[in-house]
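Hello,

Here is the structure I promised to pass on to you. Have a look at it first, and then read on for what I found in it.

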Amino acid sequence: QTNMLSIRSFMILFLSCIAVRMNLCFTGIPFSLRMLYINGHFEFEKVEFAARDFGNRYQYYPAAILHPSSVSDIAMTIKHIWKMGPGSELTVAARGHGHSLHGQAQAHRGVVINMESLQGPQMQVVHTRSFTYIDVSGGELWINILQESLKYGLTPKSWTDYLHLTVGGTLSNAGISGQAFRHGPQISNVHQLEVVTGKGDVVNCSKEQNSDLFYSVLGGLGQFGIITRAKILLEPAPTMVKWIRVLYFDFTTFTREQELLISGENTFDYIEGFVIINRTGLLNNWRSSFDPQDPVQASQFKSEGKILYCLELAKYFHHNKDNNNLHEHAFTMQEIKRLLSRLSYIPSTLFISEVTYVEFLDRVQVSAVKLQSKGLWEVPHPWLNLLIPKSKIKEFAEGVFGNILKETSNGPVLIYPVNKSKWDNRTSVVIPEEDIFYLVAFLTSAVPWSRGNDSLEYILTQNTRILDFCKTANLGAKQYLPHYTTRKEWQAHFGPMWETYVERKRAYDPLAILAPGQRIFKKAK
Ligand code: FAD
């Protein structure tokens with residue numbers, strides 16, 4: 001049987017090489033894919049879904065979608081394409097939940113792997129002597145990982161603001177939210193990965209084993225391998241959250257106090273912030289919905305032309321229904337009072353609400369569902385995410401808020417600092433030089449067919465002005481979820497890391513088969 005299989009593999013390879021040489025495809029589709037022995041299946045006709053993403057601006061149709069049911073389906077497909085050599089134009093993109101903004105999970109005339117259909121061992125919580133982790137598929141959604149971990153009273157430490165994203169998708173970027181100042185981004189909280197490289201090899205990697213591949217893949221924009229499994233570090237989970245918002249008029253006070261809060265040990269568990277400029281619009285509320293039960297809330301505070309800065313905080317605690325843990329509740333409130341007493345926000349703007357841990361972490365989903373029901377989720381999202389060094393954040397704010405950006409009615413603008421010491425400089429992600437830097441996220445939605453200041457064109461022009469300003473003022477800003485179209489721009493983005501990045505590509509995906517939608521490398525012909 002082994003002999004038969006190798007004869008068959010040889011025949012497939014032989015025929016596909018001829019097909020490539022003669023530019024011969026059956027019905028325009030690389031026919032050799034049809035003949036691969038896989039447990040899952042390929043979809044060749046209905047491929048539109050893989051040509052869409054959250055950004056809603058780029059649409060590249062693949063030749064096929066692979067719905068893998070095992071890691072070996074992925075390995076076999078990539079190995080097959082690898083063996084076809086540089087003559088074939090076939091590329092491969094892993095698609096997590098397709099929440100990219102610029103077609104990063106798409107593969108024009110290539111193969112898109114629908115990572116969510118990857119099956120494998122069930123999620124499993126494992127205790128070692130020194131730490132606990134959950135072993136999950138690379139296509140697993142973070143919301144499912146949260147639900148599974150909570151069955152054991154545990155939780156991952158670091159999050160994104162939205163949980164309906166996959167492990168492979170966020171680990172390919174960084175995964176940043178209000179817990180990152182303490183725990184680092186999600187890529188700082190991974191114990192081990194299973195990866196399929198651009199040569200089709202299945203490799204386990206961690207800090208100790210194949211460490212170069214491990215660090216390459218983390219924040220690697222999908223360039224070095226497909227994450228098929230990940231072991232995510234866990235900690236004991238709280239059950240309840242005190243969720244707090246306060247407003248500031250003064251930017252310097254706002255950022256000074258954010259920085260003060262992220263530098264202490266005894267502080268809040270989550271620290272973010274956002275900017276409110278001449279707020280009137282509807283779309284703005286989706287991401288910043290506070291307590292849907294409470295109609296009078298900070299997110300609807302009209303700024304009447306002024307710029308306000310909202311500090312958003314959370315303190316976790318346990319509430320045990322059986323012994324009605326009043327003691328812990330009182331202690332948490334005391335701690336919050338102590339921490340707030342050091343701050344100089346506008347006193348009348350203090351909002352505190354209490355929600356469950358799951359409600360807090362999954363907060364954006366409430367707004368997502370509302371927008372979906374109004375057809376406002378599937379609009380273009382020309383988002384711009386920047387990392388700005390602490391020493392330049394004031395200059396950035398003066399140049400952008402109220403100047404380039406005249407209002408925030410097209411979507412929220414997040415701004416919060418993180419500690420660089422919690423990031424590992426061996427990973428592939430690019431961050432600014434300083435010890436503290438800010439994530440500034442312009443999460444805009446464009447209104448289709450509009451010609452006004454909520455049109456795609458207007459927002460894109462605004463984004464370009466912001467980027468030009470950063471460049472001219474030499475702020476040392478870096479794009480997060482970066483998007484560039486030329487090699488020169490990518491080189492500038494990576495700066496001194498570029499050589500290492502190219503080396504890594506050469507080692508793990510020499511034909512540039514993987515993640516073509518990032519447009520960093522082009523497949524060799
Ligand atoms: P996809 O869009 O499917 O893929 C992204 C990239 O990763 C592609 O290049 C793809 O080829 C590659 N990829 C996907 N899966 C794998 C894999 N298994 N192995 C290797 N490569 C893979 N980010 C934050 O950091 N913090 C936030 O708070 C945050 N909030 C967000 C909220 C919303 C509503 C949205 C839409 C995005 C948000 N993001 C945030 C950005 C998000 O982390 C990225 O867009 C992420 O890539 C989306 O994950 P995905 O599973 O949809 O990945």
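Let me begin with a small spot: asparagine 474 sits in the loop that links H14 to strand S18 (478-480). Although asparagine 474 is not a glycine, its phi is positive, at about 55 degrees. Most residues other than glycine have a negative phi. Is asparagine 474 buried or exposed? It counts as exposed, because it has 9 C-beta neighbours inside 10 Å. A second case is arginine 519, in the segment after helix H16 (498-508). The phi of arginine 519 is also positive, near 55 degrees, and this residue is not a glycine either. Arginine 519 has 17 C-beta neighbours inside 10 Å, so it counts as partly exposed.

Before you go further, please keep in mind that this is a predicted model. The mean pLDDT of the chain is 90, and 88% of the residues reach 70 or more. The model scores are ipTM 0.99 and pTM 0.92. Two stretches call for care. Over residues 20-28 the pLDDT stays under 50, and the model has nine contacts for them beyond four places in sequence. Residues 281-299 have a pLDDT below 50 as well, with 44 contacts in the model beyond near neighbours in sequence. Where pLDDT is low, the predicted coordinates should not be read in detail.

Now the overall layout. The domain assignment splits the chain into domain 1 (2-118 + 507-518), domain 2 (124-236) and domain 3 (240-480). Taken over C-alpha atoms, the centres of domain 2 and domain 3 are 24 Å apart. Their contact involves 23 residues from domain 2 and 24 residues from domain 3. Which elements of domain 2 give two or more residues to the side that touches domain 3? They are helix H4 (142-150), helix H6 (180-183) and helix H7 (211-217). H6 supplies the largest share of that side, with three residues. Sorted by class, the side of domain 2 that touches domain 3 has 13 nonpolar, nine polar and one charged residues.

H6 also holds histidine 183. This histidine 183 counts as partly exposed because it has 18 C-beta neighbours inside 10 Å. Setting aside neighbours within four places in sequence, histidine 183 is in contact with Lys157, Ser158, Ser188, Asn189 and Lys422. Serine 344 is 161 residues from histidine 183 along the chain, and their C-alpha atoms are separated by 26 Å.

Next, a strand with several partners: S10 (residues 225-236) pairs with strand S6 (residues 132-137) in the antiparallel sense over six bridges. In that pairing, serine 137 stands opposite arginine 229 in S10. Strand S7 (residues 154-156) runs antiparallel to S10 and is joined to it by three bridges, with proline 156 facing leucine 234 in S10 as its bridge partner. Strand S8 (residues 190-197) pairs with S10 too, again in the antiparallel sense, over seven bridges. There, leucine 193 stands opposite alanine 230 in S10.

Strand S12 (residues 270-277) is worth a look as well. Why is S12 described as largely enclosed by the rest of the structure? Seven of its eight residues are buried, so the strand is largely enclosed. Eight bridges join S12 to strand S13 (residues 307-317), and the two run antiparallel. S12 also pairs with strand S16 (residues 413-419), in the antiparallel sense, over two bridges. Phenylalanine 274 takes part in both pairings: its bridge partner in S13 is cysteine 310, and in S16 it stands opposite leucine 414.

Last comes helix H13 (residues 393-400), in which Ile393, Phe396, Ala397 and Val400 are buried. These residues lie on the same side of H13, because they cover an arc of only 95 degrees around the axis. An α-helix has 3.6 residues a turn, so residues three or four places apart point the same way. What do the buried residues of H13 pack against? They pack against helix H8 (251-263), strand S15 (384-389), strand S17 (436-442) and helix H14 (456-472). After H13 comes glycine 402, with a positive phi near 80 degrees.

Best wishes

Definitions and conventions:
Residues are numbered from 1 along each chain as its sequence is written. This is a predicted model: local features need pLDDT of at least 70, side-chain atom pairs count only at pLDDT 80 or more; totals for chains, interfaces and linings use all residues. pLDDT is the predictor's confidence in each residue, from 0 to 100. Two residues are in contact if their C-beta atoms, placed from the backbone, lie within 7 Å. A residue is buried if 20 or more other C-beta atoms lie within 10 Å of its own, exposed if 12 or fewer, and partly exposed in between; C-beta atoms are placed from the backbone. Helices (H or I, at least four residues) and strands (E, at least two) are DSSP runs, numbered from the N terminus. The arc is that of the directions from the helix axis to the C-beta atoms. Two strands pair if DSSP finds at least two bridges between them. Domain bounds come from an automatic or database domain assignment. Ala, Val, Leu, Ile, Met, Phe, Trp, Tyr, Cys and Pro count as nonpolar, Asp, Glu, Lys and Arg as charged, and the others, Gly among them, as polar.
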